[in-house]
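Here's a quick briefing for anyone opening this structure for the first time. Have a look at the sequence and the model, then read on for some places to visit.

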Amino acid sequence: MFSCADYTFMAEAIQLAERGCYTTTPNPNVGALVVKKGQVIGRGYHQQAGGAHAEVFALQQAGAAAKGATCYVTLEPCSHYGKTPPCAQALIDAGVAQVIVAMTDPNPSVAGKGIAMLRAAGIKVEVGLLETQARALNPGFLSRMERNRPYVQLKLAASLDGRTALANGDSKWLTGEAARADVQHYRAKSCAVLSTATTVMADNARLTLRKEQLLQDVTHLKDGTLRQPKRVILDRNGILDHKQALFTDGGEVLLCVSKLENDRQLPNIARQIHCQLNNQAQFDLGLLLTHLAVHEGISNLWVEAGATLAGTLLQLNLVDELIVYIAPKLLGNTAQPLAVLPEFTALSQVPELSWTDIRMVGQDIRLTAKLT
């Protein structure tokens, strides 16, 4: 059904889409090409949430030559009016003859309607070219739309013997500067960072994106396009107040509490969200993830916390991906563990992982694994 040229053009559209990975959240990353007589006459990608979509940029570049051309797009063109007009209508108005789509949009507001709109206008539409690669562009967006929960990445840093800090809590700095800079890329791609009040208090953590570091590494970015991820803090006992560095700058702070306190004094960037408790009088993290996806629009959730929260998320099977930095150090058996997990009595009970990437980051090793 698809030619070699079709594969080549869609692959380029996917590469274009990747350029928006730091700036489109919570929207998906999308790339588009307009091709006529085997030549690319228009390129575009979704650059920033609230801005023009990929197809619009590609059509603008193509101009009047778009009439009778083929548009390759990594995600089904939208059919509804949101912050921008529908891209399906823009393609119709431009007079393109064919649209090749990598995947349909799982967003109920679109979900096949854009394709139907194009076909009703007499435009030939083909779907499914490099769909697997297109889905890989947007794990968070797809998770929010298909599962009503964010895509959860759990970040951990450990010594070679799997320890995260000395027995006295000293962990600064376990990993090197390159690894800490690498974390900024993940924070920038995330809608929110999840941690606990205990972690915030222990390190006086800001959990902010260090924009200057990212701008040095990714040259096509501009400071105005980067936004700070939200900070979601589990604060069941209400121990945080306006004195922590967390509240001095950065994105919005969502304090997860078991009981809303109307008289609680908090800075303007902070607000409380109610989170139900489970039978063990702990936060129901499954319900929290659903709330974050459905009501806060959080697609990608980056977790930076201690061994207790890490272990709980793993036990509940709420982690989609592990990002573990291994430092060339040995801390000994009295040092603090990577994750607090129950005692297993058989290997069949142990969580199974699948390695997806292993690489050096400075003097540390970054291991990436999916939960199977």
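Lys37 sits in the loop that links strand E1 (31-36) to strand E2 (39-45). Its phi is positive, about 55 degrees, even though Lys37 isn't a glycine. That's worth a pause, since most residues other than glycine have a negative phi, and most peptide bonds are trans. Keep in mind as you go that this is a predicted model.

**Backbone oddities**

- Lys37 counts as exposed, because its relative accessibility is 80%.
- Asn317 also isn't a glycine and has a positive phi, in this case about 60 degrees. You'll find Asn317 in the loop between helix H11 (307-315) and strand E13. Its relative accessibility is 52%, so Asn317 counts as exposed.
- Asn148 comes just after helix H6, and its phi is positive at about 55 degrees.
- Going from Thr25 to Pro26, the peptide bond is cis, with omega near 5 degrees. Pro26 belongs to the loop between helix H1 and strand E1.
- A cis peptide bond also runs from Lys172 to Trp173, where omega is near -5 degrees. Look for Trp173 in the loop between strand E7 (163-165) and helix H7.

**The overall picture**

- The protein chain has eleven helices and 16 strands.
- Its C-alpha trace spans about 70 × 50 × 40 Å along the principal axes.
- How does the radius of gyration fit a compact globule of 372 residues? Such a globule would come out near 21 Å, so the 23 Å of the protein chain agrees.
- Of the 372 residues in the chain, 48% are buried.
- Take the contacts between residues at least 6 apart in sequence: 69% of them join residues at least 24 apart.

**The second largest pocket**

- This pocket holds about 840 Å³ of space. It is lined by 33 residues, and the closest to its centre are Ala136, Leu137, Pro139, Gln153 and Lys189.
- Several elements give two or more residues to the lining, among them helix H1 (4-18), helix H5 (131-136), helix H6 (139-147) and strand E6 (151-159). Helix H7 (177-189), strand E13 (321-327) and strand E16 (364-371) are also on that list.
- Which element gives the largest share of the lining? That's H7, with four residues.
- Sorted by class, the lining has 13 nonpolar, 14 polar and six charged residues.

**A closer look at helix H6**

- The buried residues of H6 are Gly140, Phe141, Leu142, Ser143 and Arg144.
- Those buried residues pack against H5 and E6, and also against helix H10 (285-296) and strand E12 (300-304).

**Two buried spots on strands**

- Tyr72 is part of strand E3 (residues 70-73). With 5% relative accessibility, Tyr72 counts as buried.
- Leaving aside neighbours within four places in sequence, Tyr72 is in contact with Asp6, Phe9, Met10 and Ala13. Its contacts also include Gly31, Ala32, Leu33, Val35 and Ile100.
- Tyr72 and Phe344 are 272 residues apart along the chain, and 50 Å separates their C-alpha atoms.
- Thr196 is in strand E8 (residues 192-196). Its relative accessible area is 15%, so Thr196 is buried.
- Setting aside neighbours within four places in sequence, Thr196 is in contact with Ile233, Leu234, Ala305 and Leu309.

**Cysteines without partners**

- How many disulfides does the structure hold? It has zero.
- Why does Cys21 not form a bond with Cys191? Cys191 has the closest cysteine sulfur, but that atom is 12 Å from the sulfur of Cys21, which is too far for a bond. A disulfide needs the two sulfur atoms within 2.5 Å.
- Cys21 counts as buried, because its relative accessibility is 18%.
- For Cys71, the closest cysteine sulfur is in Cys87, 9.1 Å away, so that pair is too far apart for a bond as well.
- Cys71 has a relative accessibility of 0%, so it counts as buried.

Terms used: Residues numbered from 1 in each chain as written. Predicted model: local features only at pLDDT ≥ 70, side-chain atom pairs only at ≥ 80, totals over all residues. Heavy atoms only, no water. 1 Å grid on protein atoms, 1.4 Å probe; cavity = no way out; pocket = protein on both sides within 12 Å on 5 of 7 lines; lining within 4 Å. Points joined across faces, edges and corners; volume = space filled by probe spheres on them. Nonpolar A, V, L, I, M, F, W, Y, C, P; charged D, E, K, R; others polar. Buried < 20%, exposed > 50% of the residue type's maximum accessible area, 1.4 Å probe, protein only. Contact = heavy atoms within 4.5 Å. Rg over C-alpha atoms; globule rule 2.2 N^0.38 Å.
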